[in-house]
Structures are given as structure tokens and as C-alpha cells.
Amino acid sequence: MASLGQITLPRAPSLEMSLLRRRFDRPIRTRIGFNGRIVSEQAQVSVKASVSQKAIEEEARVLVGTYARAPVVLSSGKGCKLIDAEGKEYLDCASGIAVNALGHGDPDWLQAVTDQAAVLAHVSNVYYTIPQIELAKRLVASSFADRVFFCNSGTEANEAAIKFSRKFQRYTHPQDKEVATGFIAFTNSFHGRTLGALALTSKEQYRAPFEPIMPGVTFLEYGNVQAATDLISSGKIAAVFVEPIQGEGGVYSATKEFLQSLRSACDAAGSLLVFDEVQCGLGRTGNLWAYEAFGVTPDIMTVAKPLAGGLPIGAVLVTEKVAETIKYGDHGSTFAGNPLVCSAAIAVVDKVSKPSFLASVSSKGLYFKDLLVKKLGGNSHVKEVRGEGLIIGVELDVPASPLVDACRDSGLLILTAGKGNVVRIVPPLIILEEEIERAVEIMFQNFAALG
């Protein structure tokens, strides 16, 4: 999973510098920018490059090396466009790893943030605030849930779901000396990087450096109905964690049969079913929530990435049967659900939840996939184009990084996923058709980078 901003491999500063030199010391040439104009890369770039070069060199001295960043210093954005420190424009089909659902600088989001910041940003959860209540009301009204717990990220949401699941089992079996404490997760899963969520994340190289991590997790094949049903029926499983559509894992969608079988098995055994919609939720698939397309509702759902349009937030949506088992002091967060971030999230939810907006995501997603198939489907390296709405994966038979790097040089930002062989496309949900066409054209022009 070599996605930008998420790799935890040790960084090699010399490699970053070599990448930077290749970017700024290359010969003068022309290229087609994402807006269709012929762009001449003149020698003046090497002068301006000192801004980005200095930033990258300083980052290497002062930040912990947890990210293998692309050699780009971004300075501003508007809509689906990002601009780096040298003024180069990029078409953003990564959207902050599926975060910037409304793009950059959405006026309604900006108004909500500035208005709230002017009056009250944070007071902690010792007190009540109206924006938190209003956001919770919207999430409850638009989903299966009866109550909401706020936190600050997707991994925090999954940590809370782990605690809630174990508390539920102890609360509902007060006389039992031993209650169900195990968890099921699946191949290609990604649930976060804190120790509990990391224990539910399938890639061994993510977990191995930090062991021992939380015990009790069994990984099963994603989509294997029989294996999941058999293990859930053992009575030892507190909860099953599953992504209806896996993003980081390679843009794989569950089947309706699989999710329905998990629901039935959990009901029979008293286990909880947890849907992780951190990446695929809140409009990304063309439904407000990904689970809606399957006709299956969970007991707990974790959401985060797009919810506040770029500000840090996470939320755990739960049914009443789960909520009633959680008591004062069982969990908490200082920053979670503060007025500033909740006001931003209200602006996002109000816009994304409109039926016309969701319909546009569905139609643009179909258009995007159709164009990808038409333009790229004949290439021998392309194995499959898949996804729902505006979470799209292009599976290759070779590593995708050369294509991602070449597209970046040509003004298009995309990500990798899976085993590094999947191009992940998660643009802002407001992307225009002409921007979709330009993105596909840039990918097509750069396929030679794969060899």
C-alpha cells in the first residue's frame, strides 16, 4: 500500500534529494498541463525551485520520518486544483486521501469555519455545545444509528469501536466469567495505525515492528462466507470489523451475500457487526453511506475522512443497544466534536446529503470508469477497472508507482493501493466532467512509464 501520506517505511533523505534534483535539474522541455495548455519549463524554474528545495531539506531535519513524501510542496488550492510553491498546477484526484469531498476552498465550508472560529472554537466535552448536538442529529437522522460518539480520526473511531464492542459483551453477559473478546478482520483490510486499529489491519509489515499488539484478532479471506460464519458461531467473537468497500486494500467491494451472511451470523451468536466507512462513507460511493447499497445495517459504523471537509474528525455511529452499555468515563476525547470542527462538518453533511449531489457522484463515477475502460482497457498492463461512485481502482500487473509519478509530473495527483499495483482515484466529489476527461487523458499519455 504505497499511498501518499500513509507509508511508514524508513525514509532515505538522499532519495528525496535525488527525486527533487530530477524534478528541478531536468532539461528544458514542454509538456501539456492538466488545463490543456502547453507549458514551457524554463530555466527560471531552477531559481524558483529553491522554495520547495529548502522546504524539503528543512522537513528532513525537523520531522520524524514516517512519510515517504512526493517531492511536491503544495501551497494553495481551489476546487479540484492544487498549486505548488513554484506555481505549478495539479488536478487533484487524491483529495487528501479521500478527505476533501467538497474540494479546496468550498465557500459554504469556508463560511462555516470562519463564522464559528470568530465566536467559539473549543471548550472540551466538559460542557455542551450546539454545533456538536446539531451534527449528531444529522448523522442519526441520515443513518441506521441512534447515537454518536465523536473523536478526531478514523483510527480513533476504530479504537472506540473496539472498546465499545468489548464493553457490550461484558455488559450483556454480567454473570459469565469469560465473555467473547475476539475480533474478526479480513485480508486487505486497513483500519488504522494505533495499536488496536493496527491489530485489525491485515498487512503484516505494518504490525510486525510494534508487536506485541492487541491480541485476539483473526484474519479471514475477504468475502469467504463459510469461514466467517464458522468462526462467528464459536461464540468467542466480540465483533466483526469489515469495510463494505476496501480503499487502501485495493478498492475491493464486498458482495451483498457476504455482508448479509455476516449480519445473520452475528445476530445468531450475539457478536457485533462493525462497518468501517472511514474512506467509503459520506457520499463517496454515490450513496450517503456505502452500506445502503447492500441492504445490510451494522451495529456500529466508523466514519472520518470526508466528514469535516479537511479538519480532523472521526465519529462512531451506534445503535441504542450498544449505546446503553457505555457509561460515563468509559471513553472520551479532549478535542473531539468541538464547535469549530462540527460546524465545518455540518456544512459538508448538508451539501453531500442532498439527493441531487449524490446522484451527480454516481453519474460522474460511471463516466469516469467508462472513460478509463475506453482509454486504458486495451493496455496489456490493465487487469481491471473497478469501484463505486468516485472511489475507483485500476489494477495493473506491474507496480503502479511509475505511472503515479509520471502523472504527477504531468499535473495529475493520484494514489496507489493494494499491493502497490492498484491506481486509486478518489477525487473531490465536486469534480467536473471536463476534469474527469483531463485526468483520464493524462493517465493515458503517461502509460508508457510502466514500460
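**A chat about sheet, turns and cavity**

Biologist: In which helix is the place of S95?

Modeller: Keep in mind that this is a predicted model. Its helix list has one run covering residues 95-98, and S95 belongs to that run. So the place of S95 is in helix α3.

Biologist: What is odd about the phi of S95, and what is its value?

Modeller: Most residues other than glycine have a negative phi. S95 is not a glycine, yet its phi is positive. The value is about 45 degrees.

Biologist: Is S95 buried or exposed?

Modeller: The cut-off for buried is under 20% relative accessible area. S95 comes out at 0% relative accessibility, so it counts as buried.

Biologist: And L282, where does that residue lie?

Modeller: L282 also has a positive phi, near 55 degrees, without being a glycine. At 3% relative accessibility it counts as buried. As for its place, L282 lies in the loop between β12 and β13.

Biologist: Which residues line the largest cavity?

Modeller: Searching the whole structure turns up one cavity of 30 Å³ or more, and the largest cavity holds about 30 Å³ of space. By class, its lining has seven nonpolar, one polar and one charged residues. L282 is one of the lining residues. The full list is E277, V278, G281, L282, W289, V303, A304, P306 and L307.

Biologist: Let's turn to the sheet: which strands stand at its edges?

Modeller: Seven strands make up an open sheet with mixed pairing, in the order β6-β14-β13-β12-β9-β7-β8. Two of them have a single partner strand each, so one side of each is left without a neighbour in the sheet. Those edge strands are β6 (147-151) and β8 (217-220).

Biologist: By how much are neighbouring strands of this sheet turned against each other on average?

Modeller: Direction is ignored for this angle, and the value is an average over neighbouring strands of the sheet. It comes to 20 degrees.

Biologist: Which residue in β12 stands opposite F241?

Modeller: Strands of a sheet pair through backbone hydrogen bonds, either parallel or antiparallel. Here β9 (residues 237-242) and β12 (residues 272-276) pair in the parallel sense over four bridges. Facing F241 in β12 is V274.

Biologist: At what angle does helix α5 run to β6?

Modeller: Helix α5 covers residues 130-141 and lies across two strands, β6 and β14. Its angle to β6 is about 125 degrees.

Biologist: Is the peptide bond from E211 to P212 cis or trans?

Modeller: Most peptide bonds are trans. P212 sits in the loop between α8 (204-207) and β8. With omega near 5 degrees, the bond from E211 to P212 is cis.

Note on methods: Residues numbered from 1 in each chain as written. Predicted model: local features only at pLDDT ≥ 70, side-chain atom pairs only at ≥ 80, totals over all residues. Heavy atoms only, no water. Pairing = 2+ DSSP bridges. Axes fitted to C-alpha atoms, helices over the stretch in contact; angles between N-to-C directions. Contact = heavy atoms within 4.5 Å. Buried < 20%, exposed > 50% of the residue type's maximum accessible area, 1.4 Å probe, protein only. 1 Å grid on protein atoms, 1.4 Å probe; cavity = no way out; pocket = protein on both sides within 12 Å on 5 of 7 lines; lining within 4 Å. Points joined across faces, edges and corners; volume = space filled by probe spheres on them. Nonpolar A, V, L, I, M, F, W, Y, C, P; charged D, E, K, R; others polar.
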